[in-house]
Structure formats: C-alpha cells, structure tokens
Amino acid sequence: MSEKNDETLANLLKEDRRFEPPADLTEHANLTADAYDAAAKDREGFWAEQAQRLTWAEPFTQVLDWTDPPFAKWYVGGRLNAAYNCVDRHVEAGRGDKVAIHFVGEPVGDTRSITYAELQDLVSQAANALTDMGVAAGDRVAIYMPMIPQAVVTMLACARIGAPHTVVFGGFSSDALASRLEDCQAKVVVTSDGGYRRGSASSLKPAVDEAREKAAGLGHTVEKVLVVRRTGQDVAWDDSVDVWWHDAVEGASTSHTPEAFDAEHPLYVMYTSGTTGKPKGILHTTGGYLVGASYTHWAVFDLKDDDVYWCTADIGWVTGHSYIVYGPLANGVTQVLYEGTPDSPERGRWWDIIEQYGVTLFYTAPTAIRSFMKQGREIPDARDLSSLRILGSVGEPINPEAYVWYRHVIGGDRTPVVDTWWQTETGAIMISPLPGVTAGKPGSAMNPIPGVSAEVVDEEGNAVPNGSGGYLVLTEPWPSMLRTIWGDDQRFKETYWSRFEKLGFYFAGDGAKKDADGDLWVLGRVDDVMNVSGHRLSTTEIESALVSHPKVAEAAVVGAKDEDTGQAVCAFVILRDEAGDGGDDIVAELRKHVRKEIGPIATPRQVMIVPELPKTRSGKIMRRLLRDVAENREVGDVTTLADSSVMDLISSGLTSGKGED
Ligand code: WT7
C-alpha cells in the first residue's frame, strides 16, 4: 500500500456513522438479504435466474463455459437482440406510451420527451440507414456525439444490426479519436455539427474531419460520416463521405426486424486508460453484459415502474453505456437525459431538472457532489427535491463528508446512498450496498452484490483478515465481465489475470480494506493510473503526449490529491538543451499541447520545469517523491535514489505553473 492509502485508511477508521435503510424501502425491496445466500449456494443457478429478465430468441443451454480461462462464455447457445430487449419488447408488452427519455437540452426550454414506441421508430430508422450505408453485422461504428437522443438511438441501432459501437467521449481530441478509429478499424463515424456546453455551441464535426485524415495517415479509411444537425454551425462537407442524419435517417423506414445474435456476439468496445500509453479497447458482448447491466440497475436502485431515473454520466464513458442505455432501457425505465453542464445557465440547473421531472433515483459522481458542497446548500435548498428516494455515487471513492452532505442536503436524510464500485472492465456494478438491506457506512462500498465474489488479498493472494488492507480481486467470473482487449488477447491476460494467475483471480488495480465487520472500503488505484473527476487517466499516456512536444526531453506525471477533482494531473518536465528555459509561455504551451493531444480532461493542473527527475539506480522514476512535491509534503525517503541530491535540485529550481481552467 502506498503512503497515500495508509493516510486515507487512518482517516476512514474514525468513521462510525451508520444509516439504516428506510422501513418502507426494506418492505418492498426488489432484492432481499436472502439473495446473498441463494447466490452463494448456487452462483450459476442465480445467474441463470437473472437471465430470465431478458427476452431470448433462443434459450441458452449452459450458463457458463469457463474451460479456457480467462476467456469466458456466458449463456452458451443463447441468442438475443440487445435493442429488441431495450425497446421493442416494452412496446409489445403494451408499454409503448411510457416515456423512455425526457431529453433536456442545455438551452433552457429545449426539451423533448420520447416514448418507447417513438424510440422503436427512431432506432429502426437509424438501423435501416446504417444498413444502407453499408454497415453489416460485425462492422465497427464509432460514435462521437453530445448527450442528445440521437446518441442513444445510434448505440441501439448498432446493437440492433450487430455492429459493435465504440463511443468516444466528445471531450477527447481528434488525435485520441483517430487512434481509436484506427485501433478498432471503424467503418463509419456518427457525429453532430456540435453540442451545447456552458452556454455556447461547441463543435465536433471538425475534429472528426481531422481524425479521419489522421486515421488515413495510419492506413485506415473511414468510409462514411453520419452527421446530426444539432447547433446549426457551419461545417466543412465532403459529399463522398459525409451524410446528414436528417437526410439518411429521418427519411428511412420505421420498420425493421431485429436479428437475434449469439450471446457472445460483440456489443461494444470502450477504450480506457491503463498503465501503458496505449488505451485498451475493452470488449463487452451481448448476453452476459445485458444481464449484468439490467440486474444491477434493478437491484441497486431498487427500480419500480413509476420511478424517474437520472444518471448524469456522459455516454462516452462506461457509466453511460450500462446505466443510461443498456441497463435502464432493458428495464423499461423512464429517465432524464441532460445535454449540458450542472451550472448552465446557472448553478441550480440540476436541482431544477430534478424538481421539474420528479426524479426519484439519481446517480452521479463524488467530484460533482464536492463541487456542490463548495457552492453551498442554499442552491439545492431553494428547490423541492422531495421526489428523490435513492442516491447513487460512482467513479471514485466518496469521502465520508461528501457522502453525508449528499444524503443530508440532496436526500433530505431520507435517501440511502449507494456507493457503487465497478470499472469499465466489469461492465456493471460489483460492490455496493443494497438500499433495502444494507445499513450504509459513509465512505464504504460495503459488500459484493449477490452473484459477485470479491476479496481483499495480500501479495500471495491470501484473503486478509478483517481490519487489514490489500488488493481488491474478483474471485469468480461474472456475466458482464470484459471478454478481452480488442485485438490483444495477450495483453488481456497479462493486465488482469497474471498477478494471481494460479488462483484465477481478476485483479482490478485497486487497493481496498476490510473493516472490523468485513465491509469493503475501496482506497483507489495501486498502479500508475490516476482518477481525475471519476475518469481514469494513465500517467504514461500523458507523459508521452508531453514528450511529443519539440521542447521536451523527458516528463513524469503523477496524480496529486485535489479538493475538487479527487486527483489532479501534475507534470514534471525536463526541457531539451536547445529549448533554453522554454520561454515565458512554456507552461501554458505544454498544457495546451496535452489538451490537444488527449483532451481537456488530461490538461495538467501544474507543469513544473525541473533540471532532473528522481530515479532509482535501475532508472525507474520514483513517482512517490514527485507526489510529495506535488502535494506540498516533506519529501519522503530518498535513500534508493541513484543521486540523492536530485530532490534538492528539484525543490530549489522549481518554476511552478498553475493553470486557469
Ligand atoms: C476505477 C474504474 C465505474 C464506472 C466509472 C469509472 C474507481 C469507481 C468507485 C467507487 C472507489 C471507485 C476505481 C476503479 N472507482 N467507482 N465507488 N469507489 N473507487 O470507470 O474509468 O473504468 O474507472 O474507478 O479506481 O478501478 P473506470
């Protein structure tokens, strides 16, 4: 465990507040305490039962084939269509008039409610249009869009025709988009002219044009680009490639027969950061993933038919996939989809939306909660939030103060808070309280949900006793597990399964602690991966972006504690001799460079120009020491440094640059 984790541990140990589940919630809970025992006794039987939540065109003959670990096959022989399960079957069941999506655009008053019957028409049209553009089952489609209904429609249309989608977060740069287009060999890109953010129209199509060119430079040709007109901005147009959504989709037929695909047919690829520079394309398949997303959404949010659900994530991240699109829609929910930022046009926007739509279930990230805490409770207090009944948190550890504020100020002390631990790779929630069962502890994700087996282990893979910390592992396969890294089975094995290979454990990269009761406290990453505002960023990826700047010789990046974003990116940079002192604007220049290479989310909070980096005799950068500097601490033990005077050099010669945005 790192020093940071030890310190976190000490603070958490002082936490002894408990929140019992509300009696009426317990009485009508979807999942009761018995489920833990039932699942433990017959895990596969339990998952077979959960699979009955879906409609199968062909029933499965075997729950799990684990004969070739770590390559799992779930629901062997089963066939289904994910889009049919998320849309058509609700219409067939007579629920076509139920609202699926209350869309709220960022410009005030720009709203649209879409029923399941309407959604069926939209998805069918988009499926027909994509087919006409030459997309067939197995072809990859990239989606680079704002949070508008067409983004959800496109994901479902892809699923409907068996074309795996890869959604790239609209905040990523054209370089990041290009490398993903190339890696998964995307045939078509779906985008929009732009979207609304912070009160103005921001563009997307130009980045797609650039990315298409860059991908061509890497030897990959994108055949078509389908463009939604959202903002009406001027866009460059290439008639041989670009197609308007309103021409191709809105004119297409609303009838489309979904084809059933094998349970293991690829559903999507989601890129995420790892310890090395190249993002990993996490592959999820159809049957197991949909079972996992739908079951967890129903169980953890105790979903009822009249709930109004809202998850504030972006569809560019896995949370948007599992808990905006696939889980909630498979469950036939009514949900809010919001395009913009929490503070536009003013800081109470989210609370206005909750009041206006009577949101009952709300799912957001600790970083957002902390920013609201800072603004003060007057803003949410001025709205009626009494419709809320369960609050969820995801993306990073939620500190006890934020948890209690969330429950107290937003939830009026009525609402359980479910702190949900999971990852892009797990596809669905793994560790979380059950709102009708668990007495919540602020800061703890509590227990693996029924059907999931997690443990905290030492270096050898032995379970640690209560009261100790270690590595968080999943000890048994689960339906929504990643199947591989796109195009790289070897990296899949090495990254997740090699550390505890003999025991067959999946190692997630997080450290955790079991408290005296055996409840779990996730402490954060134990590797060189940062978590900024609930988003995973790799130190190496940012370092290679910095080193690609002509003035930079060497770079080291660490995540430093940050009050707002959990962790912030701090960069230490050695300039090339010919660059001299880099010039007055060097810090701004490097921050801008990272922004361009990866995207605003990766922009360093600080760039420190240093003469040397602290290295061990074998040449490994000692990030622990850099973290001390970045967090303004006394620098720790330097005895393993090759040159122990380096830290003095760094501390004395620091030209520290902080950013404005
Ligand atoms: C990493 C996964 C899960 C979807 C969003 C992020 C951290 C996530 C929690 C939580 C403590 C958490 C972990 C994990 N994390 N949720 N409730 N408590 N840490 O997905 O980008 O794949 O990141 O986020 O470090 O490994 P992701």
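Two strands pair if DSSP finds at least two bridges between them. Helices (H or I, at least four residues) and strands (E, at least two) are DSSP runs, numbered from the N terminus. The model is predicted: local features need pLDDT of at least 70, side-chain atom pairs count only at pLDDT 80 or more, and totals for chains, interfaces and linings use all residues. Residues are numbered from 1 along each chain as its sequence is written, and side-chain values use heavy atoms, with hydrogens and water left out.

**Exercise 1. Describe the open sheet that contains β21, and state which strands stand at its edges.**

Step 1. The order of the four strands is β21-β22-β24-β25, and their pairing is antiparallel.

Step 2. β21 (454–457) and β25 each have a single partner strand; therefore one side of each is left without a neighbour in the sheet, and these two are the edges.

Step 3. On average, neighbouring strands of this sheet are turned by 45° against each other, direction ignored. Axes for such angles are lines fitted to C-alpha atoms, for helices over the stretch in contact, and the angles run from 0 to 180 degrees between N-to-C directions.

Step 4. Inside the sheet, five bridges connect β22 (residues 469–474) with β24 (residues 506–514) in the antiparallel sense. G469 has K513 of β24 opposite to it.

**Exercise 2. Describe the open sheet of seven strands.**

Step 1. The strands follow the order β5-β4-β17-β16-β18-β19-β20, with mixed pairing.

Step 2. β5 (111–115) and β20 are the edge strands, each pairing on one side only.

Step 3. The average turn between neighbouring strands of this sheet is 20°, direction ignored.

Step 4. Strands β16 (residues 308–311) and β18 (residues 361–364) run parallel and are joined by three bridges. C311 has Y363 in β18 as its bridge partner.

**Exercise 3. Characterise the surroundings of the ligand.**

Step 1. The ligand has 18 residues around it, of which D419, T420, T424, D510 and R536 come nearest; a residue is near a molecule if one of its heavy atoms lies within 4 Å of it.

Step 2. The shell comprises six nonpolar, seven polar and five charged residues. Here Ala, Val, Leu, Ile, Met, Phe, Trp, Tyr, Cys and Pro count as nonpolar, Asp, Glu, Lys and Arg as charged, and the others, Gly among them, as polar.

Step 3. A backbone N or O atom of G395 is 3.1 Å from a nitrogen atom of the ligand, and for E396 a backbone N or O atom is 3.4 Å from a ligand nitrogen atom. In the side chain of R525, an N or O atom lies 3.0 Å from an oxygen atom of the ligand.

Step 4. The protein buries 96% of the 550 Å² that the ligand exposes when taken alone (accessible areas by the Shrake-Rupley method with a 1.4 Å probe).

Step 5. Two or more residues of the shell come from each of α12 (318–330), β20 (417–420) and β25 (520–525).

**Exercise 4. Classify the ring pair of F71 and F492.**

Step 1. Rings of Phe, Tyr and Trp (its six-membered ring) pair if their centres lie within 6.5 Å; planes under 30 degrees apart count as stacked, over 60 as edge-to-face and the rest as tilted. The count by this rule is 38 aromatic pairs.

Step 2. The centres of the F71 and F492 rings are 5.4 Å apart and the planes stand at 50°, so this pair is tilted.

Step 3. F71 belongs to strand β2 (residues 71–76) and F492 to helix α17 (residues 489–497), 421 residues apart, and the pair thus links distant parts of the chain.

**Exercise 5. Locate the cis peptide bond between P69 and P70.**

Step 1. Omega of this bond is about 5°.

Step 2. P70 lies in the loop between β1 (62–68) and β2.

Note on methods. Polar contact = N/O pair within 3.5 Å; in protein donor to acceptor, adjacent residues only side chain to side chain.
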